[in-house]
Amino acid sequence: MDITKLFLKHNMRLTPEAEEYLRHLSEEKIKEIALSLIEKNKIFVSLDDVKPKKEKKVVVIRSSFKDVPAREYSSSFKIYEDKDITGKSRASGKFEDFVELIRDRFRRTSSILRNKITNYQTLTLKKINDSHMENEKVKVIVIVSNKRMTKKGNMLLDVEDETDTGRILILPSDQRLFNEANTITYDAIIGVEGTVYKGMVIADRIVWPDIPFNHKLKPIDEPMSIMYLSDTHIGSKLFLDNIFQEVIDWLKKGEGIAGNIKYVCFAGDIVDGVGIYPKQENELVIKDIYEQYEIFRKYLEQFPDYIEAFVIPGNHDAVRRAQPQPRIPKELINMNGNVHFLGDPAWIKIENFLHLLYHGDALDSVIASIPGLDYKQPERAMVEVVKRRHLSPIYGTNPIVPEKKDYLMIDEVPDIVNMGHLHRNGVTKYRDVYHICSGTFQLKTEYQAKFGHVPTPGVVTVFDMKSLNIKNVDFYEGG
Ligand SMILES: [Fe+2]
């Protein structure tokens, strides 16, 4: 029996895994499965579709939501167009543009730092170097160009500001300070308080741009929620189409907390893309980028019409790879009404909550560079990014387009930061700012397995804007 032919006759395409599985079944059983899939109007048939499912439990966490559906409320949101690169890219890629980009970042981060270093004025490195001062207390704002250990076990930072270069020494005798200094990465822009000694500054205190302690979330009066998800990777043979459909059906049914979801944020990697890495075609069930977005459009069309959705691209989407990224082009996907395609990063005020959406390309280098971080707790890497007030704090680890202004700066303090990319769900609150790392709808890839990643497929995060509670809803139960 030609299994592929049988399925093709009914316009269904089998993945190699599905075909392999069916090969071991009786003809009668294969026909029975084919029949059930015809009824479901399946086009792409994965292993998940043909294999009998184990009992799947949708964990809908009990909540204090009132029984008033979000559809009764009108939407209130503002997209910050000036913070979105879409249609504004003017970069020529010249050397001077890169210098200007770093200068812009240095000036804007310095002004955040200056507000925190209040006691007395900061000095420039040139002033310190020219004055030949000795044993005097100073405060400086610098960018770190190099970090190394001396033979005596001290940490030495080569630093710069806009006037000169200098060196900062951190002694291991102050263990707390030394541990903190360990988290300094290349290109960190920090404030340092210390004492001048032989042309160096011996640090007493490191000041991060960070976010203020007095930040407070303001709840709304109505029982409305926002759902966060990312990394659907449509087109990949590991995309969990059934599970994603379950989420949509749950929204459509609108029971319990699903009925209160008024907004949805997608933090990138909507599709798996084409030609993203060598031999990707072997991992794809849909090899046409237009078709991948068309399937996403069909999913979006099923969303209840009272839901506003915000979609940014990721490194798998069909936009330039370097950041900041413009919106996914209209030629690939165009929807009017309640679906808003934005650049990466994007800033949106949803009701009372200022959102910063960023796919998260820089999280890999942040995890690799800061001791104590790992892929199991992506939300901790997000906090480190926000503390540095820059979405890609280590220059050169992921491609950046030198625009005239640095779109990756976190100038304002967001209420909610939402990223994806790491395929692992994680939520934390840091100084009253929620950090949400969305999971994925793709099973673990070979690449991820090699690096020991443990994805959390099929989990969405729901934030209740009235109670300020945040919950995960697991549609896959860990696989
Ligand atoms: Fe992804």
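Here are some friendly notes to help you find your way around this predicted model.

1. **Confidence.** A good place to start is how far the prediction trusts itself. The chain has a mean pLDDT of 89, with 95% of its residues at 70 or more. Please take care with residues 55-66, where the pLDDT is below 50. That stretch still has 21 contacts in the model beyond near neighbours in sequence.

2. **Overall shape.** The C-alpha atoms fill a box of roughly 90 × 50 × 45 Å along the principal axes. The radius of gyration is 25 Å, which agrees with the value near 23 Å for a compact globule of 479 residues. Of those 479 residues, 41% are buried. Secondary structure amounts to 12 helices and 19 strands. Among contacts between residues at least 6 apart in sequence, 72% join residues at least 24 apart.

3. **Domains.** You will find three of them: domain 1 covers 3-50, domain 2 is made of 70-90 + 222-474, and domain 3 spans 117-207. Between the C-alpha centres of domain 1 and domain 2 there are 32 Å. Where these two touch, five residues of domain 1 contact five residues of domain 2. On the domain 1 side, the touching residues comprise one nonpolar, two polar and two charged.

4. **Cores.** The largest nonpolar core holds 81 residues, and Cys265, Phe266 and Leu357 have the most contacts inside it. Strand E10 (residues 261-267) gives this core its largest share, six residues. A second, separate core has 22 residues, including Leu157, Ile170, Ile184 and Trp208. Back in the largest core, Leu357 is worth a click: beyond neighbours within four places in sequence, its contacts include Cys265, Phe310, Pro345 and Ile348.

5. **Cis peptide bonds.** Most peptide bonds are trans, but do look at two places here. One cis bond joins Gln323 and Pro324, with omega about 0 degrees; Pro324 sits in the loop between strand E11 (308-312) and strand E12 (339-341). Another cis bond links Asp344 to Pro345, with omega about 5 degrees. Pro345 belongs to the loop between E12 and strand E13 (346-350), and is among the contacts of Leu357.

6. **Positive phi.** Two residues that are not glycine deserve a check. His132 has a phi of about 55 degrees and lies in the loop between helix H6 (125-131) and strand E4 (137-149). Glu351 has a phi of about 50 degrees and is in the loop between E13 and strand E14 (353-357). Are they buried or exposed? His132 counts as exposed because it has 8 C-beta neighbours inside 10 Å, whereas Glu351, with 20, counts as buried.

Conventions:
Residues are numbered from 1 along each chain as its sequence is written. This is a predicted model: local features need pLDDT of at least 70, side-chain atom pairs count only at pLDDT 80 or more; totals for chains, interfaces and linings use all residues. Domain bounds come from an automatic or database domain assignment. Two residues are in contact if their C-beta atoms, placed from the backbone, lie within 7 Å. Ala, Val, Leu, Ile, Met, Phe, Trp, Tyr, Cys and Pro count as nonpolar, Asp, Glu, Lys and Arg as charged, and the others, Gly among them, as polar. A nonpolar core is a set of buried Ala, Val, Leu, Ile, Met, Phe, Trp, Tyr and Cys residues joined through C-beta atoms within 7 Å. A residue is buried if 20 or more other C-beta atoms lie within 10 Å of its own, exposed if 12 or fewer, and partly exposed in between; C-beta atoms are placed from the backbone. Helices (H or I, at least four residues) and strands (E, at least two) are DSSP runs, numbered from the N terminus. The radius of gyration is taken over C-alpha atoms; the globule rule is 2.2 Å times the number of residues to the power 0.38. pLDDT is the predictor's confidence in each residue, from 0 to 100.
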